[in-house]
Amino acid sequence: MDSGTSKNATEESGSSRPHQSPTGGINSPTPDKKSEGSGVSGNNNVVHHGNASASGGGVVNYGKISKIYIASTPVEDVSELDKWLKPVDFTDKMDLYLKNFVPGTRQSLLKEIIGWIEDANSGAVLWIKGEAGVGKSMLSWIVSNNIPESIVLGAMFFCEFNNVNRSRADQVILTVAAKLAKKIPEYAEFLAKKRNQDSVSEKKLLQETDISKLFDELILEGLRGITFDKTIVIIIDALDECTLCIGKHDTYQNLLDLLARLSGDSKLTFLKIIVSARPENAIFERLRNCAIVDIQSSKSSRENFDDIVKFVSGCLRRKFGTNDNRLSQTSRELARKAEGVFLYARLACDQISSQLSKRFDKAAEMQVVEDIVRNLKYGVDNLYEIELLNVIKMSQNGELEGCEDFNSIENILGIICCVREPLSQVGIADLLDCRERAVEAVVNALRKILNIGKVVTVVHKSLSDYLTRSQSNTPLTIGLNIETTLAIRSLQVLNQELKFNILDLPQDDLYRWHQDIPDFEQRVNSIPDHLRYAGLYATSHLALVKEAPTGIIETIDEIVSTKLLYWMELLSVLSQFSDFVGVSAALLAWCSRNNGLSKTLTLRLLSDAKRVCAQFGVPISVCALQVYWSALPFSPVNSTFHQTFASAKWRPKGKYPALLQTQGIATQWSPCLCTCVGHTKYVTAVAISNDGDRIVSGSGDNTVKIWNANTRKRNTNVDRSHWECDCSCDKQ
């Protein structure tokens, strides 16, 4: 196989892909007789995943066989890069699209996109544009499975709004880097050198919260240093759902700006970038001048309609076994009501299927289907309403165990919609402090509009949008009250379950790093989902609580004055200690906003916590117990932090060794609040925002940099060519 040639898209996730027919459509692959079981075949270019089928709805059975490109880089090197970068796995998404794929659909759109990829003069970025539910993600998947053999599919990323690993800009960068390494040996060698440098560096690159720097060092620098004679395609789906990022202002807008730098680089003419997204203002402003495939344009609407007819016909044909005139007319009527939205058609077919699960004779079934379709209202919101009214009725009839009132249903559904990352049913029950059977009952009742697996998510972001809009006619409305509930419960969980040495790490060697503990990952996996979630996101929910509920101030005071070190330890073992700067800053801001309610001790400890992170962040990040063995004994002796937690009164007897005996330690924190590193020449101007959150600096290097004052990381960078006005600082 030629170097740099990708034979298949689904190596990206390890999932299966349909076979590409000579006519450009997607058909069932011809099973390989050597594909029994799993593993890599003798020719080292076929990965076999066993067999699976997805029947019905026009979907044919596919053998799960994937061909992958084996680069000249040794497999163990790529494996080590994966361990370092930890790319996001999308096997579940790829399998879902394979299951729901209808052969023969999206042909003209596919042809248009492939034509754009093959045209060297068509531009570097293509935007698959469309509103919610019109099939952008499915089209992205179809494109990935039909990349010509002369083109390399470099990487694919599916953003997902309520999944922390799939909605962060840094995860996009790390995953794209890891995937590109599998396709470009020279780039893999570059990353291997970066990994080796990082292993001996005091400041770890992957702990970098400035996505611009992460992008520059991992992607831009590496790609600019290689030569490649084939076109490489990067696909990022649902970019508008990339909303949870490591920096305060790092959202998909920043990621788009970084991608623009790739597309505009004269040394990277071999790159083609495809993004799919809703036409939100920020996206439209940045992508309006690039190539656009509008799924809902008049040119595409006819194909959209025909594709939905094929999908609905397949679903109904599976039930009736025939395709008579009545079925065809009903399929077309439902397609008209779908108005180009595939999601509507799928939900409608699910509702029809559930109605037909009741006992009807064959003669009456078709009439039932016709009546259901005739009575359906236009718009996917109306289908959501049907499901919600049904679950409310079940609750009123006592059919949902433990959910006899609206509040229980609203809380469970609210958590599914509003959590910062998905939880399992057990995790939801533990976080809500309710019975697991109650969660199971609600989730099963709403299975048509939820994705149920190891974790529970909404079937589509439009459901969350529908439930969080203020509408008097919505059966269930999820407002800011769910944020209050999540904040209260997360804080209660922390107060009840945080403890010293939560993983029972060995204490015989004070300087043993996490990576040197053989079963460290297994220990981390033993942390309950709800405790992990509370440690990471309690302050994210608290920030949206405007008025302090009863008891929450007391809970915060108790956590900060007795368990602050345990919280630091928890984030360290979760490899998220760099987030504690934001956690302490958010808590301090919220407590300060509620003047006079929090104890002075709480405010002082939170202020000191930011200093602890700045001064001892490196050792704590690699060894959680350094919270007690480095930060505590070496913190300034007159600081509130040291005086509170180094005292024998606070220290639980026998829980950890006595503090190191130290001399000559500073009595107060350094007057330097923070150092922001990034300019290459003298800084000539500085301004601080009125809220104290941002710092703007100008330099002789012809750049203006905007910094996050809490994390000391750069939010954005503006070179002189983009200056539109002079920046000035309010002298007052």
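## A walk through the predicted model

At 15% relative accessibility, Lys93 counts as buried, because the cut-off for that class is under 20% relative accessible area. This lysine belongs to helix 2, which covers residues 91-100, and the model in which the helix appears is a predicted one. Once the neighbours within four places in sequence are set aside, the residues in contact with Lys93 are Phe158, Glu160 and Arg166. Two of these partners, Glu160 and Arg166, return in a network of salt bridges that links them with Asp92 and Lys93.

Before other places are visited, the whole chain deserves a brief description. The protein has 732 residues, of which 54% count as buried, and its secondary structure comes to 26 helices and 16 strands. Among contacts between residues at least 6 apart in sequence, 73% join residues that are at least 24 apart. The accessible surface comes to about 33200 Å², and carbon and sulfur atoms hold 48% of that area.

Helix 2 also serves as a landmark for two residues with a particular backbone angle. Lys86, which is placed in the loop between helix 1 (75-85) and helix 2, has a phi near 50°, a positive value in a residue other than glycine. On the other side, in the loop between helix 2 and helix 3 (107-118), one finds Arg106, whose phi is near 65° and is likewise positive in a residue other than glycine. Is Arg106 buried or exposed? With a relative accessible area of 2%, Arg106 is buried.

Charged pairs can be followed further along the chain, since a search of the whole structure finds 25 salt bridges. One of them joins the side chains of Arg278 and Asp240, with a distance of 3.2 Å from N to O. This pair links distant parts of the chain, 38 residues apart: Arg278 sits in the loop between strand 9 (271-277) and helix 9 (281-287), while Asp240 sits in the loop between strand 8 (231-237) and helix 8 (252-263). Both Arg278 and Asp240 are buried.

Two further salt bridges are found within single helices. The side chains of Arg302 and Asp306 meet at 3.5 Å, N to O, and because these residues are four apart in helix 10 (residues 298-320), they are separated by about one helical turn. Arg302, at 49% relative accessibility, counts as partly exposed, and Asp306 is also partly exposed, with a relative accessible area of 29%. In helix 11, which spans residues 325-338, Glu333 and Arg336 lie three residues apart, about one turn of the helix, and their side chains form a salt bridge of 3.0 Å, N to O. Here Glu333 has a relative accessible area of 27% and is partly exposed, and Arg336, at 42% relative accessibility, is partly exposed as well.

From charged pairs the path turns to enclosed space. How many cavities of 30 Å³ or more does a search of the whole structure find? There are two cavities of 30 Å³ or more, and about 80 Å³ of space lies in the largest cavity. The lining of this largest cavity is formed by Val172, Ile173, Val176, Phe215, Ile219, Ile234, Ile236, Leu255, Leu259 and Leu262. Helix 5 (169-183), helix 7 (211-224), strand 8 and helix 8 are the elements that give two or more residues to that lining. Strand 8 and helix 8 have already appeared in this account, as the elements on either side of the loop that holds Asp240.

The last stop is on the surface, where Val683, Val686 and Ile688 form a nonpolar patch with about 280 Å² of accessible area together. Ile688 lies in strand 13, which runs over residues 683-688. At 57% relative accessibility, Ile688 counts as exposed, because that class begins over 50%. Set beside this residue, Lys93 at the start of the account, with 15% relative accessibility, falls into the buried class.

How values were computed
Residues numbered from 1 in each chain as written. Predicted model: local features only at pLDDT ≥ 70, side-chain atom pairs only at ≥ 80, totals over all residues. Heavy atoms only, no water. Patch = residues over 30% accessible without salt bridge, like charges linked within 9 Å, V, L, I, M, F, W, Y side chains within 5 Å. Areas by Shrake-Rupley, 256 points an atom, 1.4 Å probe, with all protein chains shown as cover. Salt bridge = Lys/Arg side-chain N within 4 Å of Asp/Glu carboxyl O. Buried < 20%, exposed > 50% of the residue type's maximum accessible area, 1.4 Å probe, protein only. Contact = heavy atoms within 4.5 Å. 1 Å grid on protein atoms, 1.4 Å probe; cavity = no way out; pocket = protein on both sides within 12 Å on 5 of 7 lines; lining within 4 Å. Points joined across faces, edges and corners; volume = space filled by probe spheres on them.
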